[in-house]
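User: Please examine the following model and answer some questions about its pockets, helices and charged pairs.

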Amino acid sequence: MPMKLSWDNLKISIAGARLSHLVQKDKIWDHGSMVELVKNIFYKIEKAKKQMNAEGTKRSLTVNANEQLKQLIAKTADRELFLRNAVVTEISIIKVNAQKNKNPDRFTVLIKGKRKTVESKSIQILASGDDADKYQHGIESFSEKWFFIRQGDWWLLDEMK
């Protein structure tokens, strides 16, 4: 059965080929370790959003990403849509860039997943737990692009889109 051709699949193939060459020179480019790191950071960020506190993620994020997370937490606090129990279904490395001139090593990943959503008429209703039928429950699929940069012998999340 032929594989469905898409830009994402092409990007994944190119990134995979580049990774297989880069890992021979430097173990930081190990595909499995990179995917595991992304998954761990994703769940740390989900926990931070749920607890509305970004402190536990500081060591995994650049200053830029940390500020972005704080803004995301602030927006979430004001929204009437609560996202729960996010689960990653796929992590694909779609771009890798080895260090050139003053630019550090970087890679881009596409994260796909699902999460439960609870929508309420107001935050106060949810907080008080009244009238469960006023909530609209559902499953939301999502995809995000994350950008990582290398600092020393470690990868840090630099941006989320």
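**Pocket lining and salt bridges**

Analyst: In this predicted model, the lining of the second largest pocket has three nonpolar, four polar and three charged residues.

User: Which element gives the most to the lining of the second largest pocket?

Analyst: The pocket holds about 150 Å³ of space. Its lining includes Leu 37, Asn 40, Ile 41 and Lys 44, along with others such as Trp 154. Helix H2 spans residues 31–51. With four residues, the element that gives the most to this lining is H2.

User: How far apart along helix H2 are Glu 46 and Lys 49, in helical turns?

Analyst: Glu 46 and Lys 49 form a salt bridge, with their closest N and O atoms 3.0 Å apart. Both residues are buried. Because they lie three residues apart in H2, their separation is about one helical turn.

User: Is Arg 150, which forms a salt bridge with Asp 26, buried or exposed?

Analyst: The side chains of Arg 150 and Asp 26 meet at 2.5 Å, N to O. This pair links distant parts of the chain, with Arg 150 in strand E3 and Asp 26 in the loop between helices H1 and H2, 124 residues apart. Asp 26 is partly exposed at a relative accessible area of 25%. Since the cut-off for buried is under 20%, the 16% of Arg 150 makes it buried.

User: How does Lys 161 count, as buried or exposed?

Analyst: Lys 161 forms a salt bridge with Glu 159, the closest N and O atoms being 3.9 Å apart. Glu 159 is partly exposed, at 27%. Lys 161 has 60% relative accessibility and therefore counts as exposed.

Methods. Residues numbered from 1 in each chain as written. Predicted model: local features only at pLDDT ≥ 70, side-chain atom pairs only at ≥ 80, totals over all residues. Heavy atoms only, no water. Helix = DSSP H or I, 4+ residues; strand = E, 2+ residues; numbered from the N terminus. Expected span 1.5 Å × (residues − 1). 1 Å grid on protein atoms, 1.4 Å probe; cavity = no way out; pocket = protein on both sides within 12 Å on 5 of 7 lines; lining within 4 Å. Points joined across faces, edges and corners; volume = space filled by probe spheres on them. Nonpolar A, V, L, I, M, F, W, Y, C, P; charged D, E, K, R; others polar. Salt bridge = Lys/Arg side-chain N within 4 Å of Asp/Glu carboxyl O. Buried < 20%, exposed > 50% of the residue type's maximum accessible area, 1.4 Å probe, protein only.
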